[in-house]
Amino acid sequence: MENFNFNVSTDIRFGKDRLDELPSVLNQFGKNVLLVYGGGSIKRSGLYEKIKTLLKENGLKMFELGGVDPNPKIESVREGVMLCKYHKIDVILAVGGGSVIDCSKVISGAVFYEGDPWEMVLSRRYEGPTIPLVTILTLATTGTEMNRGAVISDLNAKQKLGIHGTNFLPKVSFLDPSLTFSVSKYQTLAGSADILSHLMEQYFNLTPGTEVQDSIAEGLMKTVIQCMPVALHEPTHYDARANLMWASTLALNGLVGSGRKGAWSCHAMEHELSAFYDITHGIGLAILTPRWLDYILNEQTLPKIERFARNVWQIQEPDSMKAAKMGIQALYDFFEENGVPMTLPEVGIPDDRDFAAMAQQAIDHSSLLTDAFEVLGVKDVVAIYQACLTKSKFI
C-alpha cells in the first residue's frame, strides 16, 4: 500500500426531510446564493419552489444558472462565473447530479482564475481559492458530492477533461434518497454503471497490499448489484435508493482509492466517446468495461480478475482463467439483462471512423501508456472500441 493523506471534511446530511436545515447552512457563508441546476426536473418535482421559498423566508437572495447539460459544458461555467462576479455571490447551491455539481465546482474556482475557465480545466489542477459550495443530490452516480474532482467538456474542441481542485470539496451535501424516486430507468442504469465503474477503476490495480480497500470495493459493488434491479422495478423503494446513493458517495470519496497508484482506463476511453458523440457517461462505461477486462486478461491481470469473479459474482469454477472469463460474462449479462444498451451503435456511434482520433486523445489525456492496470497504446484502445460495435460473448 502507498502512503496517502485522507481528509474529506464534507458535512453529509443524509436522509429525508432535511431541507429545513438548508437556510442555516447557507447563512454560514453569506446572503447571495447562486442556484445551479440542470433541466426542468427540480421544477416538476416541486423542489425548486421549496428551495426558493426557504431562501426567501430566511433573508437569502437567490440568483439562478439553469440548463446545465448532462455532460457539463464550458459555456455554462463561463456563464456561472459572470453571474458570480456580477451578483457578488457568497455561496453556490448545486441541485442535481454529478454534472450540475461538477459545473458548480469549476465555477467556484474559475471566479478567481485570471484566464479563461477552459485554460484552468486544461491545467487539470487548481489550487486557488473557491466560492463555498453546498449541494443537494438528486441522482446517485458520480460521488462528486464528497470529493475534489470535476469533469467538463468543450464540444467545439471535442475534449472532455477531468480537473482536481483542492478546494472544490463541497462544504455541505444533502443526500435525500427520496429525491431520486423520480429518476428514470435509463438514468438509474447509467448512474449505477458509473458507481460500479468508479469502484472497478480503483479495484483493478497492481498496487499490492490493499486488502482493506479491495474488500470495501467488493462490498460496495455487491450492494449496487443487489439494489439496482430493486430500484428499477420499484422506483420508490427507499432502502434500495438509499443504498445506491450512499454507495455512490463512498465509491469516490477516497476510501477505496487511497493508498493506490494507477490510471483509470475505461474513464479515459469513455471520455472520448462522450467528447465526440455526447453520449451518456455511465452507459459508455458499461459498454466498455467488460470488453476492456476481456482484452487485458492475461497472466499478470488474472489474479485480480479471478478474485472479482469469485468474490463479487460468486463464481465457483475451479479453473482460474475460465472463472475470470465467467466473471466478465456475469458483468456483461447483468448490464444487458437490466436494459443497458451494450453496443456503440445502440447509442449513436455507428462505425469506427473516429476511433483512431479518440484513441489518440485517450492516450494524450491520461497515463494509459505508463500507469494502467494493463498498459494500453492507441492500437489497443482502437481494438477495445471495435469490440464494442457488436454483441459479445466471453466464454
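## Exercises on a predicted model

UniProt, in an unreviewed entry, places the feature "domain: Alcohol dehydrogenase iron-type/glycerol dehydrogenase GldA" at residues 10-177; such positions use the numbering adopted here, feature names are shortened, and annotations may be inferred rather than shown by experiment. Residues are numbered from 1 along each chain as its sequence is written. This is a predicted model, where local features need pLDDT of at least 70, side-chain atom pairs count only at pLDDT 80 or more, and totals for chains, interfaces and linings use all residues, while side-chain values use heavy atoms, leaving out hydrogens and water.

**Exercise 1.** Find how many disulfides (pairs of cysteine sulfur atoms within 2.5 Å) the structure holds.

*Solution.* Step one: the count is 0 disulfides. Step two: take Cys-266, whose nearest cysteine sulfur, that of Cys-388, is 8.7 Å away. That distance is too far for a bond. Step three: check burial (buried is under 20% relative accessible area, exposed over 50%, partly exposed in between, with a 1.4 Å probe and protein chains only). Cys-266 is buried at 1%, and Cys-388 is buried at 0%.

**Exercise 2.** Work out which strands stand at the edges of the open sheet β5-β8-β7.

*Solution.* Step one: recall that strands (E, at least two residues) are DSSP runs numbered from the N terminus, and that two strands pair if DSSP finds at least two bridges between them. Step two: read the order of the 3 strands, β5-β8-β7, with mixed pairing. Step three: β5 (125-126) and β7 (149-154) each have a single partner strand, so these two are the edges. Step four: look at β5 with β8 (residues 159-165), a parallel pair over 2 bridges. There, Tyr-126 has Gly-165 of β8 as its bridge partner.

Notes
Helix = DSSP H or I, 4+ residues; strand = E, 2+ residues; numbered from the N terminus.
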